Amino acid sequence: MTTREEQLCVLEEVAAIAAKWRDRPDMLIPVLHEVQTIAGNCIPKEVAMTVAREMRIPLAQIYSAATFYSFFSLEKRGKVLIRLCRTAPCHVKGTKETLSAFEQALGIKAGETTPDGLFTLEICECIGACDVSPAALVDDTVYGHLTPDKVRELVASLQETEGSR
Ligand code: FES
């Protein structure tokens with residue numbers, strides 16, 4: 001969120017989504033997933049408070065879910081979220097080399113965001129793409145059979161796409 005108007009706009013959207021599931025705590029995870037996307041890959045305090053108010057769920061429960069699942073983040077992340085799987089099937093097929101390639105291509109370490117705010121690189125557990133391991137998620141898109149060369153091509157293509165926006 002950059003300006004106050006944009007922030008209010010996002011909060012209105014968040015409120016509308018959360019209000020659809022008032023008194024439905026079982027829908028908290030899908031709601032958090034949706035609002036996190038709208039809020040820029042994170043769940044800032046104002047967003048968590050809006051969800052709590054509209055769903056009529058204690059704020060502590062929102063934070064509990066948001067901190068338990070690694071898919072959620074309370075911290076600001078880059079515009080594009082790259083999540084590399086490190087679970088065994090991917091690990092044995094080359095997560096380590098793939099991670100090094102991502103780190104070199106982006107100029108950051110896992111857990112960091114590029115200085116321009118475009119990319120965040122994270123390590124995660126299985127993303128359900130074991131058949132194409134080693135695999136990564138770029139936002140909601142799966143990239144599989146990754147090699148250092150493929151990673152360099154992918155990052156170059158993402159940089160070109162994001163740079164032209
Ligand atoms: S183990 Fe990596 S996607 Fe399942």
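How many residues does the largest nonpolar core have, and which of them have the most contacts inside it? In this predicted model, the core has 22 residues. Leu32 and Val51 have the most contacts inside it. Helices supply much of the context here: α1 (4–19), α2 (28–38), α3 (45–55) and α4 (59–68) each give two or more residues to this core.

Take Val51 as a way in. Leaving aside residues up to four places away in sequence, Val51 touches Val14, Ala18, Leu28, Val31, Leu32, Val35, Arg56 and Ile62. Leu32, the other residue with the most contacts inside the core, is thus on the contact list of Val51. In soluble globular proteins, nonpolar side chains tend to be buried together.

Another core lies apart from this one. It has 18 residues, including Ile82, Leu84, Phe102 and Phe119.

Ile82 and Leu84 lead to strand β1, residues 80–85. This strand is mostly covered, with six of its six residues buried. In a regular strand the side chains alternate between the two faces of the sheet. In β1, Val80, Ile82 and Leu84 point one way. Leu81, Arg83 and Cys85 point the other way. Both sets are buried, Arg83 included.

Now look at the neighbours of β1. Strand β2, residues 119–124, pairs with β1 in the parallel sense over six bridges. Here Ile82 has Leu121 of β2 as its bridge partner. Strand β3, residues 136–138, pairs with β1 in the antiparallel sense over three bridges. For Arg83, the bridge partner in β3 is Leu137.

Note on methods. Residues numbered from 1 in each chain as written. Predicted model: local features only at pLDDT ≥ 70, side-chain atom pairs only at ≥ 80, totals over all residues. Heavy atoms only, no water. Core = buried A, V, L, I, M, F, W, Y, C linked by side-chain atoms within 4.5 Å. Buried < 20%, exposed > 50% of the residue type's maximum accessible area, 1.4 Å probe, protein only. Helix = DSSP H or I, 4+ residues; strand = E, 2+ residues; numbered from the N terminus. Contact = heavy atoms within 4.5 Å. Pairing = 2+ DSSP bridges.
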